[in-house]
Amino acid sequence: MTLKSKRNETLELDASPIQPHAEDTSANHAPSQEEIRRRAYEIYLERADLPGDELDDWLRAERELQKVALFKQGWNRLQQQRHADSEDGN
């Protein structure tokens with residue numbers, strides 16, 4: 001079996017469209033290794049499956065997911081503040 005046929009088998013198993021998994025990241029914790037791995041793989045596919053930038057893909061995925069987590073944390077804090085203000089009648 002050639003490398004190309006192995007790659008095709010792998011892609012057939014994951015034939016569903018790739019959706020960013022940033023929304024899976026909880027606002028209360030850092031992204032998991034699995035979330036980062038999935039996003040790094042998506043970035044790799046976006047680069048047309050060209051090898052050689054695995055570390056850059058991983059670091060980019062980590063940064064993206066951390067930004068999403070920070071945004072969600074801030075958003076949740078704003079929502080909680082607005083909810084508390086509305087209960088106080090402000």
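Before you click on anything, one working rule: a residue is called buried under 20% relative accessible area, exposed over 50%, and partly exposed in between. Trp75 makes a handy test case: its relative accessible area is 46%, so Trp75 is partly exposed. Keep in mind throughout that this is a predicted model.

**Stop 1: the whole chain**

Show the protein chain as a cartoon. You should find 3 helices and 0 strands, and from the N terminus on the elements run α-α-α. Now switch on the surface. The accessible surface of the chain comes to about 7,000 Å², and 55% of that belongs to carbon and sulfur atoms. Of the 90 residues, 17% count as buried. If you like contact maps, here is a number to go with yours: among contacts between residues at least 6 apart in sequence, 52% join residues at least 24 apart.

**Stop 2: helix H3**

Select residues 54-88. That's helix H3, with 35 residues. Run a distance from its first C-alpha to its last and you get 51 Å, close to the 51 Å expected at 1.5 Å a residue.

Which residues of H3 are buried? Pick out Asp57, Ala61, Leu65 and Ala69. Look at the spacing as you do so. An α-helix has 3.6 residues a turn, so residues three or four places apart point the same way. Now add residues 33-46 to the view: this is helix H2, part of what covers the buried residues of H3.

While you're on H3, click Val68, which is also found in this helix. With a relative accessible area of 23%, Val68 is partly exposed. Draw a line from the C-alpha of Val68 to that of Ala30: the two are separated by 9.8 Å, although they sit 38 residues apart along the chain.

**Stop 3: the nonpolar core**

Next, select Ile36, Ala40, Ile43, Ala61 and Leu65 and show their side chains. These 5 residues make up the largest nonpolar core. H2 and H3 each supply at least two of its residues, and the largest share, 3 residues, comes from H2. As background, in soluble globular proteins nonpolar side chains tend to be buried together.

Zoom in on Ile43. Leaving aside residues up to four places away in sequence, what does Ile43 touch? The list is Asp57, Arg60, Ala61 and Glu64. So the neighbours of Ile43 include Ala61, a fellow member of the core.

**Stop 4: Asp57**

Asp57 lies in helix H3. Is Asp57 buried or exposed? It is buried, because its relative accessible area is 6%, which falls under the 20% cut-off. Setting aside residues up to four places away in sequence, Asp57 touches Ala40, Ile43, Tyr44 and Arg47.

Keep Arg47 selected. Asp57 forms a salt bridge with Arg47, and their closest N and O atoms are 2.6 Å apart. The pair links distant parts of the chain, 10 residues apart: Asp57 is in helix H3, and Arg47 is in the loop between H2 and H3. Arg47, at 21% relative accessibility, counts as partly exposed.

**Stop 5: the charged network**

Side chains of opposite charge can pair when their charged atoms come close. In this model the count comes to 9 salt bridges.

Start with Glu64 and Arg39, whose side chains meet in a salt bridge at 2.6 Å, N to O. This one also links distant parts of the chain, with Glu64 in helix H3 and Arg39 in helix H2, 25 residues apart. Glu64 counts as partly exposed at 25% relative accessibility, whereas Arg39 counts as buried at 8%.

Stay on Glu64, which forms a salt bridge with Arg60 as well, the closest N and O atoms being 2.8 Å apart. Both residues lie in helix H3, 4 residues apart, about one turn of the helix. Arg60 is partly exposed, at 33% relative accessibility. Now add Glu42 and Glu46 to the selection: Arg39, Glu42, Glu46, Arg60 and Glu64 are linked in a network of salt bridges.

**Last stop: back to Trp75**

Return to Trp75, which lies in helix H3. Select Phe71 and Leu78 along with Trp75, and you have a nonpolar patch on the surface. Together these residues have about 360 Å² of accessible area.

Definitions and conventions. Residues numbered from 1 in each chain as written. Predicted model: local features only at pLDDT ≥ 70, side-chain atom pairs only at ≥ 80, totals over all residues. Heavy atoms only, no water. Expected span 1.5 Å × (residues − 1). Buried < 20%, exposed > 50% of the residue type's maximum accessible area, 1.4 Å probe, protein only. Contact = heavy atoms within 4.5 Å. Core = buried A, V, L, I, M, F, W, Y, C linked by side-chain atoms within 4.5 Å. Patch = residues over 30% accessible without salt bridge, like charges linked within 9 Å, V, L, I, M, F, W, Y side chains within 5 Å. Areas by Shrake-Rupley, 256 points an atom, 1.4 Å probe, with all protein chains shown as cover. Salt bridge = Lys/Arg side-chain N within 4 Å of Asp/Glu carboxyl O.
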